[in-house]
Amino acid sequence: MILGVEIGGTKLQAGDGQRLVRWTVQRRAGRAGILRQLEQGLPPLLTGVTRIGVGFGGPVEGGRVVTSHQVAGWRRFPLQRWFERRFGLPTVVENDSNCAGLAEARQGAGRGKARVFYCNVGTGIGGAFVWNGQLYNGRFGAMEFGHLRLADGRTLESVASGLAIERGVSTLAEAGRHVGAMLANVITLLNPDLVVVGGGVVLAGEKFLRPVREVCRRLVFAPFRGNYRIVPARLGEAVVVVGAILVAEESR
């Protein structure tokens, strides 16, 4: 059995496909606080587990965290090695958006589509591209959708994430317009069959998705307008955990 783990900016989750356990992240406690939560929370879930897959909220290279933009202390941290030493199980670590994108492409809204671009709009913003069921992952990461830049130098994440909306940087509709403009650029580059949008902000429904679609359609390369659809994710809160299990399965 494989245990999937999500380490996000505001939540920790773990599950095996049948159960899902969630803890709230105390962001001020930083990396050390999150590791303590994992040390305390995971052991009761490990009975029968032979492998762990981890989806981490930030870029990852070779099992090591590159950085986190939401929680302090993660820069260059050897997360895979920490898991394997602490729990004694083979572990695979991947970016959380990549995990979510893989899960949605294979088992969620993108099932049956050859080219799926996934983006999550939540505490932060991320992206993933799945082509014929496989992640495109660049040299060690790719599709950092939230770090695309507006003309004034700000990142998409800084103006359209859940945190940006919460802090009054933008309204829900304005955030949707920013996301729609960036998706138009992504679609112009990749020409996917489907764009799947996940994350907590999508729970606002059409108040967010309508401006996303309207701006994207207006700005996208005109010959591609009939090639894609923009749809909400289907797998809900478990999406990163499901994807982490898939990634761990394939690493055997």
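This passage describes strands, a helix, two loop residues and the empty spaces of a predicted model.

The account begins with strand β4, which covers residues 51-56. Six of the six residues of β4 are buried, so the strand is largely enclosed by the rest of the structure. The side chains of a strand can be sorted by direction. From β4, R51, G53 and G55 point one way, whereas I52, V54 and F56 point the other way. Both sets are buried. 

Strands of a sheet pair through backbone hydrogen bonds, and the pairing is either parallel or antiparallel. Strand β1, made of residues 2-7, runs parallel to β4 and is joined to it by six bridges. Within this pairing, E6 stands opposite G55 of β4. Strand β7, residues 91-95, also runs parallel to β4, and five bridges join the two. Here I52 has T91 of β7 as its bridge partner.

One residue of β7 was examined further, namely V92. The relative accessibility of V92 is 16%, and a residue under 20% is classed as buried, so V92 counts as buried. When neighbours within four places in sequence are left aside, V92 is in contact with R51, I52, G53 and V54, and also with V247, A248 and S251. The residues R51, I52, G53 and V54 belong to β4. A further link between distant parts of the chain is given by V92 and R252, which are 160 residues apart along the chain. The C-alpha atoms of V92 and R252 are separated by 9.6 Å.

A second group of strands forms an open sheet of five, in the order β10-β9-β8-β11-β12, with mixed pairing. The edges of this sheet are β10 and β12; each has a single partner strand, so one side of each is left without a neighbour in the sheet. The pairing of β11 with β12 is parallel and extends over four bridges. In this pairing, V195 is matched with I230 of β12. Helix α3, residues 96-107, lies across β8, β9, β10 and β11. The helix runs at about 45° to β9.

Helix α6 can be checked against an expected length. With 19 residues and 1.5 Å a residue, α6 should span 27 Å; the end C-alpha atoms are 26 Å apart, which agrees. The buried residues of α6 are A175, G176, H178, V179, G180, A181, M182, L183, A184, V186 and I187. These buried residues pack against several elements, among them the strands β8, β11 and β12. Helices α4, α5 and α7 are also packed against by the buried residues of α6.

The residue that follows α6 is N191, with a positive phi near 50°. Most residues other than glycine have a negative phi. N191 is located in the loop between α6 (172-190) and β11 (194-198). With a relative accessibility of 25%, N191 counts as partly exposed. A positive phi is also found at N132, where the value is about 50° although the residue is not a glycine. N132 is placed in the loop between β9 (125-131) and β10 (134-135). The relative accessible area of N132 is 55%, and N132 is therefore exposed, the cut-off for this class being over 50%.

The last part concerns empty space. Rolling a probe the size of a water molecule over the atoms shows where such space is left. The largest pocket has a volume of about 840 Å³. It is lined by 45 residues, of which E6, N120, G122, G199 and G200 are the closest to its centre. Two or more residues of the lining come from each of β7, α3, β8, β9, β11 and α8 (239-250). The most is given by α3, with four residues. 

Enclosed space was also counted, and one cavity of 30 Å³ or more was found. The largest cavity holds about 40 Å³ of space. The lining of the largest cavity consists of I7, G8, G9, I34, F56, G57, S68, Q70, V71 and W74. One of these lining residues, F56, is also one of the buried residues of β4.

Terms used
Residues numbered from 1 in each chain as written. Predicted model: local features only at pLDDT ≥ 70, side-chain atom pairs only at ≥ 80, totals over all residues. Heavy atoms only, no water. Buried < 20%, exposed > 50% of the residue type's maximum accessible area, 1.4 Å probe, protein only. Pairing = 2+ DSSP bridges. Expected span 1.5 Å × (residues − 1). Contact = heavy atoms within 4.5 Å. Axes fitted to C-alpha atoms, helices over the stretch in contact; angles between N-to-C directions. 1 Å grid on protein atoms, 1.4 Å probe; cavity = no way out; pocket = protein on both sides within 12 Å on 5 of 7 lines; lining within 4 Å. Points joined across faces, edges and corners; volume = space filled by probe spheres on them.
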